[in-house]
Amino acid sequence: MNEEEIKKTVFQLLKNIAPETDPSLLMPEENIREALNIDSFDALQFIVSLCEKLKVDIPEEDYGKTSNLKSLIGYLIQKTKG
Amino acid sequence: MIKFLMPNLGADMEDGVLVEWRKQPGDFLQKGDIIADIDTQKGLIEIEVFDEGVLEKILVKEGQKVPVGSVLALINDGKGEEIRESSGDNPTPEVPKILEPQEQAKTKSTEEHRIKISPLARKIAESNGIDLTLLKGTGPEGSIVKEDVEKAISERIANKPVPQPEEKTKEAPEESVNVSRTTSDSIRMAVAAAMSKSNREIPHYFLEKRMDMSKALEWMKESNKTRPVQKRILPVAMLIKAVAKALDEVPDLNATWENGLQRKNEINIGFVVSLRSGGIMVPAILQADSKTVEEIMETLNDLIPRARAFKLRSSELSQSTFTITSIGEGGADKVFGLIYPPQVGIVGFGEISEQPFAEEGMLGIRPVVDVTLSADHRATDGLIGSRFLAALNKHLQNPESL
Amino acid sequence: MTKNVSLTYREALKMAIREALHKDERVFLMGEDVGRYGGAFAVSKGLLQEFGPDRIMDVPLSESGFTGAGIGAALAGMRPIVEVMTVNFSLLAMDQLFNNAATLLHMSGGQLNVPVIIRMGSGIGRQLAAQHSHSWEPFFAHVPGLIVLSVGTHEDARGMLLGALESLDPVILFEYTSMLNLEKEIPEDSGVVDISKSKVRREGTDISLITYGTGVYKCLEAAEALEKEGIKAEVIDLRVLRPLDEATFLASVRKTHRALVVEDAWKSVSISSEIVSRIMEKAFFDLDAPVERLCGVEVPIPYPKHLEDASVPQVSDIVEKVKKMIKP
């Protein structure tokens, strides 16, 4: 899975949670949850759906790496390679 | 024969539209079966049945708007022709005890025509929770007039030794069937009505306590390591469980204030879910005290998406005995809630954040949460509230035994 | 304690005119046969001798002409009382009344008041047939700029003209020829009537009878009869048909929750139409029964006595209607 595909998946999953927003407008270093107004429950649902969709495991201690697009995409690229 | 009534799904509910019958006459019903879908201010609600028996007769057509307490159907429980009320534990307080022959109730409700009633009589009936379908009109063209409604009210008083159902308050939106009103508008109105009532009628007192979350979060982190991502828990699940256990110790807060303090047997915790479109829903986590933290998390995983999609069941909306509101991360440090009537308390959790925390002569940085309790001073005093917060803190410091 | 005096409706009207002439030297009476003949209905008999031809003025048979002259006199600072013999002749003066009297204050930008009083004999009940038995209060009450009064009682016959004299706007007074010889008692000190307010003539709790003109005594008599059957009817004499004093009848409806409007005028597009509309608009949720009306039958008024009687509501009709509304 390349960067573009991962980005597309991330945007789609965020859109499912916050349908009235446009995740593609997020800045790379913007805090995703703050920008899209996502609460802790939805944040967990987002991670669950990422794990299911991309077939990766995101341990709780890595949640910090999912806070903005730049680090999240980087993290997922690394994860999907492995 | 049992009368199946339009349930009251909250202090603010006056009526609902019967959208679909899920069961048909002749179907066998078991406790907990979904019998119908009803459209309310809170969206489409699945209505459960509390009795076993055979659905005898449907009295309200699909698409019909009916007030709370109206007879929707008759259920044959094999215990004779005598008509009784449902044993459901949420019968509404609004049911007028006007015993009319069964035949009459049937023909009236199944009539195609709208009920003929004078504007004045309708106004009086609505503010007193009188079921129009059970009234016999003596006015022009057989219309129901003021005198008929007043007679029904006086008969209800005569037949009912228990105190009067609380008089409906005026803040409920005027009867206006505005079809174009969106669900989020009607939720706004429902919240407005319930909170106005709360603020007007309940003398709140407020307590606040800062609680150390380091042990609870540590325990959660460790146990989450062993869980697949779908089963991981959030701090809120622990908070709910701790509240349930604290309520078990301080039962005066797990109660309603209706003609005095009424303690509740079950601990059903209403959890405030904010809607992205504005407004809130408060589904209940039933019997939270007997669920494990994992089970509570599973319940939340099921409830929250359904609450946001307006797909809750009647029991989940009507049976909460206490409420939790939680700001979560990135929000305010503290939240002081308004009690959802007729409950007597609401606990508010602010954001969990790292703060300097002194303990045993040492200062450290700890994750803490500021917990508030808003409680009804008619029902309890500050000492009870304070005991509750102490018990809650004790449970949060012993996460492994939650 | 004030004494009551007994007098006819005609005498009450005359007393009012005399008092007006005495009180204010700008007042004068003009109309067909009001002087030498003493008035077509003998209301002004003897006034020419008492006040002289400058103040009791006979005019030619030209309603448009003398009504216009009255309006002109009012513009020039006088307080003319113009008698139009009966309301049917007022059609000839309508252009003056509607296009001049009613509009000049507006068209002069508030500079010109028209304090003219138009008295008209009207109504049914003297076998005067289709052309002389009209109840045309609704025509006049339609027009903004006019004040339209209906003299339904002896007290008002005594005091309404005096109330009208205090108005700076044109006032149309409907007097009822069928009541001229009717004798009633009124307090000796009766005087000026407030022409902005309706009057509750009888209090009751079960139904509001809303009426004016000849309907007032009929409704009072009906209320008396209903009382014996245990029904307490409230009688509202509208008496000001424009601008309507809606507060009084709405308050009554809010108390009794039922209303019957009674008038001699034809039913369609009448005063009662307006009253019922206002009740719907402003007191709907206080109603316990549909508002009902008893009005004139929509035919040219017949000459024969029994048909004439049948063409307007009578006391027995009112009693029956109320009973049906309350005990269907």
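Where does Pro243(C) lie? Pro243(C) sits in the loop between strand E12 (240–242) and helix H9 (246–256) of chain C, helices (H or I, at least four residues) and strands (E, at least two) being DSSP runs numbered from the N terminus. The peptide bond that leads into this proline from Arg242(C) is cis, with omega near -10 degrees.

Before we go on, a word on the model and its labels. This is a predicted model, in which local features need pLDDT of at least 70 and side-chain atom pairs count only at pLDDT 80 or more, while totals for chains, interfaces and linings use all residues. Residues are numbered from 1 along each chain as its sequence is written, and chains are lettered from A and ligands numbered from 1 in the order in which they are written.

Let us stay with chain C, which has twelve helices and 14 strands. Of its 328 residues, 48% are buried; a residue is buried if 20 or more other C-beta atoms, placed from the backbone, lie within 10 Å of its own, exposed if 12 or fewer, and partly exposed in between. Arg239(C), in the loop between strand E11 (233–237) and E12 of chain C, has a phi near 50 degrees, a positive value in a residue other than glycine. Arg239(C) counts as buried because it has 27 C-beta neighbours inside 10 Å. Val269(C) also has phi near 50 degrees, and its place is the loop between strand E13 (259–266) and helix H10 (271–283) of chain C. With 12 C-beta neighbours inside 10 Å, Val269(C) counts as exposed.

Elsewhere in chain C, helix H3 (residues 63–75) packs with helix H4 (residues 94–101) at an angle of about 30 degrees, their axes 8 Å apart. Here axes are lines fitted to C-alpha atoms, for helices over the stretch in contact, and angles run from 0 to 180 degrees between N-to-C directions. H3(C) and H4(C) are therefore roughly parallel to each other, the term for angles under 35 degrees (over 145 is roughly antiparallel, 65 to 115 roughly perpendicular and the rest oblique). Ser64(C), Thr67(C), Gly68(C) and Ile71(C) in H3(C) meet residues of H4(C) including Leu97(C) and Asn100(C). Past H3, Ala76(C) is found in the loop that runs to strand E4 (79–86) of chain C. Ala76(C) is exposed, with 9 C-beta neighbours inside 10 Å.

Now to chain B, where an open sheet of five strands follows the order E7-E2-E4-E5-E17 with mixed pairing; two strands pair if DSSP finds at least two bridges between them. Its edge strands, E7 (65–67) and E17 (311–313) of chain B, each pair on one side only. Within the sheet, E4 (residues 34–40) and E5 (residues 43–48) of chain B pair in the antiparallel sense over six bridges, and Asp39(B) stands opposite Leu44(B) in E5(B). Chain B has a cis peptide bond too, joining Pro341(B) and Pro342(B) with omega about 5 degrees. Pro342(B) belongs to the loop between strand E18 (322–326) and strand E19 (345–349) of chain B.

Finally, the chains meet. Ten residues of chain C are in contact with nine residues of chain B, contact being C-beta atoms, placed from the backbone, within 7 Å. Chain B also touches chain A, with 14 residues from chain B and 15 residues from chain A. On the chain B side of that contact, H5(B) supplies the largest share, three residues.

Conventions
Two residues are in contact if their C-beta atoms, placed from the backbone, lie within 7 Å.
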